[in-house]
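Hi there,

Here is the structure I promised to pass on to you. Have a look at it first, and then read on for my notes on what turned up.

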Amino acid sequence: MYRVLVASLLMAGMAGMAAEPGATPVMEASRFQRLVEQLAADDAGRQQFADIALMELAEVLLAEAALARRQAADGEAGARSPLGWAVAVEQYAGEVLRLQRAVQANKPVQLLLPPLADPAIQVGAASVMLSHPRRDQQGVLEARIASAFCANNDCARVLAPTTAPQAAKQEPIPITAETPEPTWSFTRDGNVCAQRGLRVEFPPPAERAGSRLVDERALCQQLFAELNNLALELRWQMRQGVTLEWSAMVSTSLPQRTDHALLLNSAGDTLLIALPLLHGTPGLLYVLLPWLAAEVGSGPPADITLDAVKLGWTTPASR
């Protein structure tokens with residue numbers, strides 16, 4: 001079972017990627033792939049990256065095993081036995097951790113970039129592919145690894161665009177997002193909070209049930225805090241050469257995590273960020289993409305007005 005699992009996980013990175021005969025598909029490399037490529041020739045960086053990547057992979061595998069054990073305890077059954085899958089994944093995670101200890105003991109490390117598969121790490125004669133057991137979560141694993149590595153390394157320098165137009169745009173980017181207080185307007189027609197072209201309109205007191213000004217203030221502060229934090233993270237992604245494909249952006253929730261996965265482009269670049277309001281309000285992120293594009297310098301200024309009632313943020317008064 002264990003060897004079968006290893007083989008299936010290694011092959012997962014190649015599933016669905018075969019090209020038609022004679023075809024030469026051209027895919028833009030993701031930030032993660034470019035990071036692996038840059039670190040392949042950097043001895044110190046390669047060793048540190050391997051240490052982090054193997055730990056993140058092991059944590060993902062152990063979380064997957066824990067989930068399978070809970071499914072087994074709940075009596076869930078599918079194409080495979082949850083308990084058998086959990087045991088096999090735990091064994092594989094143990095092998096990954098054994099390789100991590102070898103990395104920490106300064107065993108020779110190589111980073112591999114197979115043309116049609118996920119990046120891999122070779123430690124001595126053993127190797128492991130950096131593949132998530134769930135293919136649709138591959139971007140999340142890569143984002144976790146890249147974020148952990150870049151937290152202690154200047155990835156903006158390592159991955160900075162080299163083309164003249166991109167390299168010329170090197171305005172300073174703050175480390176943390178600044179969220180100024182929104183501007184408020186108080187009228188008989190309802191309160192309005194606004195910031196840089198984005199307005200949120202609340203109904204007048206007679207047309208809402210139970211809403212108070214303190215609730216409206218908290219909601220606006222949450223909205224603009226999430227947006228400003230997201231805009232900052234997107235600017236950092238751009239600084240590292242990541243292409244933002246606004247039409248491809250979609251957020252998903254992550255099991256047993258408080259943050260969300262935001263897909264940035266067709267290359268699979270994924271941003272891990274907490275977006276409780278933007279993700280939890282159906283359709284909101286899509287509506288605000290033009291505003292976000294303007295915030296990061298990728299689009300013209302956008303004026304958008306949000307209706308708190310239509311978004312479900314305020315309950316209308318019963319008639």
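Let me start with a hairpin: strands S8 and S9 form it, with 6 residues between them. In its turn, Gly-268 has a positive phi of about 100°. Please keep in mind throughout that this is a predicted model. The two strands of the hairpin, S8 (residues 260-263) and S9, pair in the antiparallel sense over 4 bridges. If you would like one pair to look at on screen, take Leu-262, whose bridge partner in S9 is Leu-271.

Is strand S9 buried or exposed on its two faces? Both faces of S9 (residues 270-273) turn out to be covered. Thr-270 and Leu-272 are buried on one side, and Leu-271 and Ile-273 are buried on the other.

The hairpin belongs to an open sheet of 3 strands, in the order S7-S8-S9, with antiparallel pairing. Strand S7 (250-253) and S9 are at the edges with a single partner strand each, so one side of each has no neighbour in the sheet. From one strand to the next, the twist averages 25°. Helix H8 lies across S8 and S9, and runs at about 145° to S9.

That helix also brings us to another sheet. Helix H8 (residues 213-239) lies across S4, S5, S6 and S10 as well, where it runs at about 20° to S5. Helix H10 (residues 284-295) packs on this sheet too, touching S5, S6 and S10. The direction of H10 makes about 160° with that of S10.

As for the sheet itself, it is open and has 4 strands in the order S4-S5-S6-S10, with mixed pairing. Its edge strands are S4 (183-187) and S10 (304-307), each of which pairs on one side only. Neighbouring strands here are turned by 20° against each other on average, ignoring direction. As a general reminder, strands of a sheet pair through backbone hydrogen bonds, either parallel or antiparallel.

Within this sheet, strand S5 (residues 190-195) and strand S6 (residues 198-201) pair in the antiparallel sense over 4 bridges. Ala-194 has Arg-199 in S6 as its bridge partner. The loop between S5 and S6 holds Arg-196, and the phi of Arg-196 is near 45°, a positive value in a residue other than glycine. Arg-196 counts as partly exposed because its relative accessibility is 43%, between the 20% and 50% cut-offs.

There is another residue with a phi of that kind. Asn-106 has a positive phi of about 65°, although it is not a glycine. For context, most residues other than glycine have a negative phi. Asn-106 is in the loop between H4 and S1, and its relative accessible area of 62% makes it exposed.

Now for a pair of helices. How do H3 and H4 pack against each other, and at what angle? Helix H3 (residues 43-73) and helix H4 (residues 82-104) pack at about 165°, with their axes 8 Å apart. An angle over 145 degrees counts as roughly antiparallel, and therefore H3 is roughly antiparallel to H4. The crossing of H3 past H4 is left-handed. Sorted by class, their contact has 22 nonpolar, 4 polar and 4 charged residues.

One more loop residue deserves a look. Leu-113 is in the loop between strand S1 (109-112) and strand S2 (120-123). With a relative accessibility of 37%, Leu-113 counts as partly exposed. Leaving out residues up to four places away in sequence, Leu-113 touches Gln-33, Val-36, Glu-37 and Pro-119. The C-alpha atoms of Leu-113 and Arg-34 are separated by 9.7 Å, and these two residues are 79 residues apart along the chain.

Finally, the overall picture. The protein chain has 10 helices and 10 strands. Of its 319 residues, 43% are buried. Among contacts with a separation of 6 or more, 64% come from residues 24 or more positions apart.

Happy browsing, and do write back with any questions!

Best wishes

Methods
Residues are numbered from 1 along each chain as its sequence is written. This is a predicted model: local features need pLDDT of at least 70, side-chain atom pairs count only at pLDDT 80 or more; totals for chains, interfaces and linings use all residues. Side-chain values use heavy atoms; hydrogens and water are left out. Two strands pair if DSSP finds at least two bridges between them. Axes are lines fitted to C-alpha atoms, for helices over the stretch in contact, and angles run from 0 to 180 degrees between N-to-C directions. Contact means heavy atoms within 4.5 Å. Angles under 35 degrees count as roughly parallel, over 145 as roughly antiparallel, 65 to 115 as roughly perpendicular and the rest as oblique. A crossing is left-handed if the near helix is turned anticlockwise from the far one by less than a right angle, and right-handed if clockwise. Ala, Val, Leu, Ile, Met, Phe, Trp, Tyr, Cys and Pro count as nonpolar, Asp, Glu, Lys and Arg as charged, and the others, Gly among them, as polar. Buried means under 20% relative accessible area, exposed over 50%, partly exposed in between (1.4 Å probe, protein chains only).
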